[in-house]
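These are my notes on the model, set out as numbered points for a colleague who has the coordinates open. I begin with a single residue and widen the view from there.

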Amino acid sequence: MIQSAPKNDMLEKLQKEILSLQGFRLPSGGQRIDFGLGKIESAFPNKTFPVGAVHEFLSGSPEDSAATTGFMSGLISRLMGESGACLWISNKRTIFPPALKAFGIAPDRVIFIDLTTQKDVLWAVEEALKCEALAAVVGELNEVTFTQSRRLQLAVEKSRVTGFLHRHNPRIVNTLACVSRWKITPLKSELEDDMPGVGFPRWHVELQKVRNGEPGNWQMEWAAGQFRHIETVASELKRQLLQTG
C-alpha cells in the first residue's frame with residue numbers, strides 16, 4: 001500500500017502528459033473554464049471541454065448552420081470571458097453580428113474577416129491561431145485536408161488558442177487532426193407560459209468523435225445566459241407542478 005501511492009501519482013502524471021501532447025490541456029494557470037455543459041463534460045478527457053485545441057463542426061443545411069453557430073457562440077462566450085477577443089473568418093459570412101448578444105458576446109469584440117477563397121480562409125485561420133492574444137478563432141469553410149488540419153492543431157498547441165472549424169456542406173467528411181467532431185441540429189423551441197414570440201434556442205447536440213473520450217448525443221437549450229439540458233428543465237418543471245398541485 002505504501003508503494004502504490006507514488007506509482008498511482010506517476011501514472012496520473014504520465015496520463016496528463018500524454019493528453020497534453022494530444023491537444024488536451026488545461027488553461028494557463030491550471031484554471032478550468034466553466035462552460036456549463038453539464039453531463040457533456042464527462043465525454044472529454046479531464047472531464048472538461050478541451051481548450052487550446054481545434055474542434056470541427058459539420059452542417060448540412062442552412063438550418064443546421066444557424067443551430068451550429070448558436071451552439072458555438074455559447075462556447076465562445078465562455079472562452080472570451082469579460083475581455084477576450086475572437087476572430088471570425090469566412091468567405092461567405094452567414095452570421096448576423098448583433099445576434100451574438102443573445103449569447104453574451106458583444107459584437108464589437110469579434111473581428112470579422114471576409115475573404116474571397118477558401119484557401120485564403122485557411123491561411124488566415126492558421127495565422128490567427130498563432131496569436132496568443134485571441135480567445136478563439138472561427139473558420140467557416142467547406143473542405144479541409146488532414147495535412148491542413150494538422151497545421152492548425154500544431155498552431156494551437158503553441159498558442160493555446162481554441163479554434164472552431166465550421167464546415168458547411170463538405171463534399172467529403174474526412175479524417176482531420178481536430179480533437180473533436182460535432183453535428184448540431186435544431187430542435188423545436190417551447191414558449192414560456194404567457195410569453196409571446198419564440199422560445200429559447202434548442203439543439204440536438206451530437207458529439208460524433210472525440211479523441212480519448214466518449215461520443216454521445218444530448219438535447220440542449222440556451223436560456224438565461226447558459227446551456228441547459230432539456231431533460232433537466234423538464235424534470236424541474238415537473239417538480240414545480242407537483243409542489244403547486
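1. In this predicted model, His204 counts as partly exposed, at 24% relative accessibility, and the residue belongs to strand 7. Setting aside residues up to four places away in sequence, His204 touches Lys183, Ile184, Thr185 and Leu187, and also Asn217, Trp218 and Gln219. With Asn217 there is, in addition, a polar contact of 3.2 Å between the two side chains. As for Ile184, the residue is 20 positions from His204 along the chain, yet the C-alpha atoms of the pair are separated by 5.8 Å.

2. A second histidine, His168, is found in strand 5, and its relative accessible area of 14% makes it buried, because the cut-off for that class is under 20%. The side chain of His168 is joined to that of Ser65 by a polar contact of 2.9 Å. When neighbours within four places in sequence are left aside, the residues in contact with His168 are Ser59, Ser65, Thr94, Glu140, Leu141 and Asn142.

3. The largest nonpolar core has 36 residues, and the members that touch the most others are Phe71, Ile76, Phe164, Trp182 and Trp203. Two or more residues are supplied by each of helix 2 (62-80), strand 2 (86-90), strand 4 (136-141), strand 6 (180-187), strand 7 (202-210) and strand 8 (216-223). Among these contributors, helix 2 gives the most, with seven residues.

4. Ile76 deserves a look of its own within that core. Apart from its neighbours within four places in sequence, Ile76 is in contact with Cys86, Trp88, Ile105, Ala136, Val138 and Phe164. Another core, of 20 residues, lies apart from the one just described, and its members include Ile89, Val144, Leu176 and Cys178.

5. How do helix 3 and helix 4 cross, and within what distance do their axes come? The axes come within 8 Å and cross at roughly 20°, and since angles under 35 degrees count as roughly parallel, the two helices are therefore described as roughly parallel to each other. The crossing of helix 3 and helix 4 is left-handed. On the side of helix 3 the contact is made by Leu122, Val125, Glu126 and Leu129, while helix 4 contributes Gln148, Arg151, Leu152, Ala155, Val156 and Ser159.

6. Within this helix pair, I would draw attention to Glu126, which lies in helix 3 (residues 118-129). Is this residue, Glu126, buried or exposed? Its relative accessible area is 11%, and Glu126 is therefore classed as buried. Not counting residues up to four places away in sequence, Glu126 touches Arg151, Leu152 and Ala155, each of them listed among the helix 4 residues that make the contact with helix 3.

7. Two backbone conformations should be checked by eye. Asn46, in the loop between helix 1 (4-21) and strand 1 (54-59), has a phi near 70°, a positive value in a residue other than glycine; its relative accessible area of 29% places Asn46 in the partly exposed class. Arg160, although not a glycine, likewise has a positive phi, of about 65°. This arginine, Arg160, lies in the loop between helix 4 (146-159) and strand 5 (162-168), and with a relative accessible area of 36% Arg160 is also partly exposed.

Key: Residues numbered from 1 in each chain as written. Predicted model: local features only at pLDDT ≥ 70, side-chain atom pairs only at ≥ 80, totals over all residues. Heavy atoms only, no water. Core = buried A, V, L, I, M, F, W, Y, C linked by side-chain atoms within 4.5 Å. Buried < 20%, exposed > 50% of the residue type's maximum accessible area, 1.4 Å probe, protein only. Contact = heavy atoms within 4.5 Å. Polar contact = N/O pair within 3.5 Å; in protein donor to acceptor, adjacent residues only side chain to side chain. Axes fitted to C-alpha atoms, helices over the stretch in contact; angles between N-to-C directions. Parallel < 35°, antiparallel > 145°, perpendicular 65-115°, else oblique. Left-handed = near helix turned anticlockwise from the far one by under 90°.
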